[in-house]
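The following explanation leads through the arrangement of a sheet and then through the surroundings of a bound ligand. The reader is invited to keep the structure in view throughout.

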Amino acid sequence: MLALATPPHGLTLLAVGVYSARNATAVAGRYIEARLGKPSLVRETSRFTVAEAIKHPVKTARRLKSKPQDALEGVVLNPSLEERVRDIAIATRNTRQNNGLYRNILMYGPPGTGKTLFAKKLAMHSGMDYAIMTGGDVAPMGRDGVTAMHKVFDWAGTSRRGLLLFVDEADAFLRKRATEKISEDLRATLNAFLYRTGEQSNKFMLVLASNQPEQFDWAINDRIDEIVNFDLPGLEERERLVRLYFDKYVLEPATGGRQRMKLAQFDYGKKCSEIAKRTEGMSGREISKLGVAWQAAAYSSEDGILTEAMIDARVDDAVKQHHQKMDWLRGEEEAKSLTPPPLSPLPAGVPGSGGKRGFTLPLKDTPRAEEAIAPVLDINLPSPSDGDQSAGGKRIDSTGPGCEAEAKTVKGDLNQDDGERKPDQTPPKDGSPV
Ligand SMILES: Nc1ncnc2c1ncn2[C@@H]1O[C@H](COP(=O)(O)OP(=O)(O)OP(=O)(O)O)[C@@H](O)[C@H]1O
Ligand SMILES: [Mg+2]
């Protein structure tokens with residue numbers, strides 16, 4: 001009997017063996033997956049997979065040899081912001097070299113002001129790998145979001161160079177859990193993200209970019225060590241931007257030799273300053289697009305010559321389009337400010353259910369002085385329907401014998417100019433102020 005109840009040793013060992021082998025395969029699978037595969041949530045990365053390295057060996061070798069570049073090359077910022085982000089870049093690079101803990105950064109500001117551009121440069125400057133994730137990709141993942149999020153961090157943990165994890169449009173999924181209406185799946189994914197970012201890491205650095213950081217969950221704000229505001233370029237920055245993109249899209253191709261583009265003779269420096277003045281309010285992206293528009297104008301012309309008039313015409317177009325966009329934005333903001341906050345409907349018959357709620361009383365309806373002092377003196381005021389209201393309701397009667405004399409004094413004082421007082425007015429029996 002006993003022999004039947006206890007399995008033979010050989011069988012137990014076999015079971016243990018099978019179980020361990022299965023576990024080992026799963027662990028190895030996860031390890032390989034974390035190392036080789038790019039997680040589905042990562043849109044773009046400087047890390048290359050083994051397959052890519054086999055496919056493009058020259059490119060891979062060049063990338064491995066590449067030296068860290070200037071973090072601010074080709075990024076035009078105002079001097080104070082430039083100084084700040086340069087400090088961040090230097091600190092990040094030193095952190096990487098010393099295997100220290102990375103600081104998490106939030107970059108916010110209007111669209112097209114260089115947030116993504118700088119994040120990529122920062123990664124390259126520090127010698128780290130970078131990976132770009134977009135907040136908008138998270139919600140559509142539904143219940144797979146949690147696993148996908150864990151995969152991103154498992155993968156980030158295997159980077160030898162350290163990974164700058166850039167979450168673009170971060171407000172799309174890092175929203176307030178308590179007040180915003182977010183799905184259960186998104187909430188769970190956000191929790192997974194919070195779990196994996198609870199401690200500062202020496203493996204990855206978090207860089208969040210957003211146009212609306214005020215929508216972040218508070219726990220996210222708590223994880224941010226540095227906040228950087230990217231603003232629209234001022235006049236000087238616009239001039240630098242115009243020159244940068246004029247050089248890139250017009251001068252370089254025109255002087256490169258092999259291109260079809262030619263440039264007419266005029267004072268380029270003066271033209272750039274003039275354009276900078278005309279492009280007030282435009283972002284770096286809008287100015288870079290202007291550069292592309294000049295190039296396209298030259299390529300589409302018969303002789304391939306870009307003239308001053310053609311440049312001016314493109315600027316006119318860009319300015320007009322910018323104003324149009326601003327009008328739309330203003331309209332949107334006005335509509336938002338005019339929309340009343342959502343109200344829970346009042347049951348029919350309840351005062352106010354048919355009309356507006358939350359309005360301010362006109363001044364003439366503010367409490368009268370005697371209404372304010374009535375509870376203090378324990379006296380009754382007549383209801384508005386009693387007698388003459390135009391006199392300001394100055395009739396006050398006593399409520400009880402104990403305060404009669406006092407009340408009478410008040411009554412007398414208040415009635416001095418009340419010629420229309422009706423002596424038969426009696427206070428309510430319950431003594432409550434009216
Ligand atoms: N400060 C800047 N200096 C130089 N170029 C800029 C700057 N800002 C924007 N640009 C140009 O505009 C392009 C788009 O900028 P970028 O993607 O960095 O904007 P963003 O701030 O991330 O915008 P969004 O909030 O829409 O994501 C850049 O690739 C670059 O060509
Ligand atoms: Mg961006």
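Two strands are taken to pair if DSSP finds at least two bridges between them. In this predicted model, strand β2 (residues 105-108) and strand β5 (residues 204-210) run parallel and are joined by four bridges. Within this pair, Met107 stands opposite Ala209 in β5. Strands of a sheet pair through backbone hydrogen bonds, in either a parallel or an antiparallel manner.

Both strands belong to an open sheet of six strands with mixed pairing, ordered β1-β3-β4-β5-β2-β6. At its edges are β1 (42-45) and β6 (226-229), each of which pairs on one side only. On average, neighbouring strands of this sheet are turned by 20 degrees against each other, direction ignored.

The second topic is the ligand site. Ligand 1 is surrounded by 18 residues, of which Val76, Gly112, Lys115, Thr116 and Tyr245 come nearest. By class, this shell comprises seven nonpolar, eight polar and three charged residues. Domain 1 (28-229) and domain 2 (235-337) each contribute at least three residues to the shell.

Several polar atoms of the protein face the ligand. A polar backbone atom of Gly114 is 3.1 Å from a nitrogen atom of ligand 1. A polar side-chain atom of Thr116 lies 2.7 Å from an oxygen atom of the ligand, and an N or O atom in the side chain of Glu169 is 3.4 Å from an oxygen atom of ligand 1. Of the 630 Å² of accessible area that ligand 1 has on its own, the protein covers 85%. The elements that give two or more residues to the shell are α6 (115-126), α10 (235-255) and α12 (284-300).

Key: Residues numbered from 1 in each chain as written. Chains lettered and ligands numbered in written order. Predicted model: local features only at pLDDT ≥ 70, side-chain atom pairs only at ≥ 80, totals over all residues. Heavy atoms only, no water. Near = heavy atom within 4 Å. Polar contact = N/O pair within 3.5 Å; in protein donor to acceptor, adjacent residues only side chain to side chain. Areas by Shrake-Rupley, 256 points an atom, 1.4 Å probe, with all protein chains shown as cover. Nonpolar A, V, L, I, M, F, W, Y, C, P; charged D, E, K, R; others polar. Domains from an automatic or database assignment. Axes fitted to C-alpha atoms, helices over the stretch in contact; angles between N-to-C directions.
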